[in-house]
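Visitor: Could you teach me how to read a protein model? I would like to start with its cysteines.

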Amino acid sequence: MVDPSPLLTQNSNLENKTVVSTGRACSLKLLQSIIVALAWIFDGQQTFITVFTDAKPNWKCLDPADPICKSASSPCHLQPGSWAWSLPPDTSIVSEWSLQCADTVLLSLPASAFFAGCIVGGLSLSTLADSVLGRKMLLILSCLIMSLAGCMTVLSPNIWVYSALKFVCGLGRASVGTASLVLSMEIVDQQSRDRIGVLGFAFYMVGFMTLPIMAYVGRNLTWRLLYLCTNVPSFCYAFFLYYMVPESPRWLMVHNQNKACYSELHEPNNSSDEKNNFYSSMKILCTSRRILWMLLAVMATSLGISFVYYGMPFTVKNLETNIYISVGLNALSELPASLLALFLTVTMNRRSSILTLTTISGLSSFACAFNTTIGAARKMQLAAEVISYCGACTAFNVLMIYCIELFPTTIRNTAIALVREAGLLAGVVAPILAAKGENNRFWSFGFFGLVIVLCGLSCRCLPETKGSELSDQIEEGENNSVGNC
């Protein structure tokens, strides 16, 4: 018997195949985005690794009956044979290179050099993701530079070579988080965008969280081993990324390198040849006064958040608590920060979330600025420090997702890199303030709390982007750049 509706049957089969094919494509994109987000693990490890490798180890008196040694707060003025390190000298650069009496500025030099390298790397490399290299190749290049410099750090004979290599490591690390965030969120659709962005921050927490664990397990081993354990996997990841992940379809579309992308996204109006130049995105950004002011506002917000974000792990030792537990609690607070960021991005608008979080973080930081000898008060201050850090983490996560939505594809990576650059300025100064805060906590906790509250007010001038589509061209971004100020 002849089928009365052969065309309907064929159309139904075709629709089923299309649905299956679309489902597989979405699953593949989601998997690729997760692979890209894994780069945040290595970003988190390298950001705070000096908290352990550069820490002052404990020391002990060789003669317990020596009254001079027992009354000394540091071994600087003691006779060479009257004291010794509690752990092997090569567990820290301080004990290996005899820096226990060095100036606080010299001790904070490697950490500051790392963040200075991040600033230079962000300015010189990040814009290439919007022009000739693309998101994927910049991420691979950044991982290779960061991991190779980190591996070479184990050969450092003194603090000066060590600081120089930390600068190069920061040069590569500068674009890892930025390129990873932009690429992972541009691969997936709008429904998965917020979740993938928060997933990257969760992986950052995994990287940060593994540091105190590895440092505690290897506390009797050389500090050089910690660098190898964190940088060798990063080096291998760069090659894995090259073969497993494609370039961003939005970047390919804007640069006319993949005509197939036009079937997924609307065709852009590319009227300038500047897109082929190395630093064209920086030129494009500066041509729009509205977008430039919008960029300055989010940079100011990032600066304030980053003083707490980068400063707390270096300052928490001033609370006179166990460094492994304190830093571990900070790292662990990244998980609720990621979950809270996901909740806020789904339920609340961006500006209100950032204003609330920066205020809570600032007030909690102020609570840690007072010296106390009461055990219960110290525990409360440690809790306040964790709340302050968690608030800053959540605010930073929301701000990064906010920036993805604020700026168009043609300048997105450059704009977000500049926002992180502003935060890295705080990263350069924060270790120095943390060292100064050993004698007066207002230099650290007090200053951090004041700056984050004041700078958080800058986001009031920004437009709301919740539920909006990503823009591709500078003209679209200008249409959305009207705020309340």
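Guide: Let us go through the disulfide, the unpaired cysteines and one unusual loop residue.

Guide: This is a predicted model, where local features need pLDDT of at least 70, side-chain atom pairs count only at pLDDT 80 or more, and totals for chains, interfaces and linings use all residues. Residues are numbered from 1 along each chain as its sequence is written, and side-chain values use heavy atoms, leaving out hydrogens and water.

Visitor: How many disulfides does a search of the whole structure find?

Guide: A disulfide is a covalent bond between the sulfur atoms of two cysteines. Here a disulfide is counted when two cysteine sulfur atoms lie within 2.5 Å. The search finds 1: Cys76 is joined to Cys101, S to S 2.4 Å. The link is left-handed, with -125 degrees about the S-S bond.

Visitor: Which parts does the pair tie together?

Guide: Cys76 lies in the loop between helix H4 (67–71) and strand E2 (83–85), and Cys101 in the loop between H5 and H6, so the pair ties together parts 25 residues apart in sequence. Helices (H or I, at least four residues) and strands (E, at least two) are DSSP runs, numbered from the N terminus.

Visitor: Why does Cys393 have no such bond?

Guide: Its closest cysteine sulfur, in Cys390, is 6.4 Å away, too far for a bond. Cys393 is also buried, at 0% relative accessible area. Buried means under 20%, exposed over 50%, and partly exposed in between (1.4 Å probe, protein chains only).

Visitor: Is Ser98 buried or exposed?

Guide: Ser98 is exposed, at 53%. Ser98 has a positive phi of about 55 degrees although it is not a glycine.
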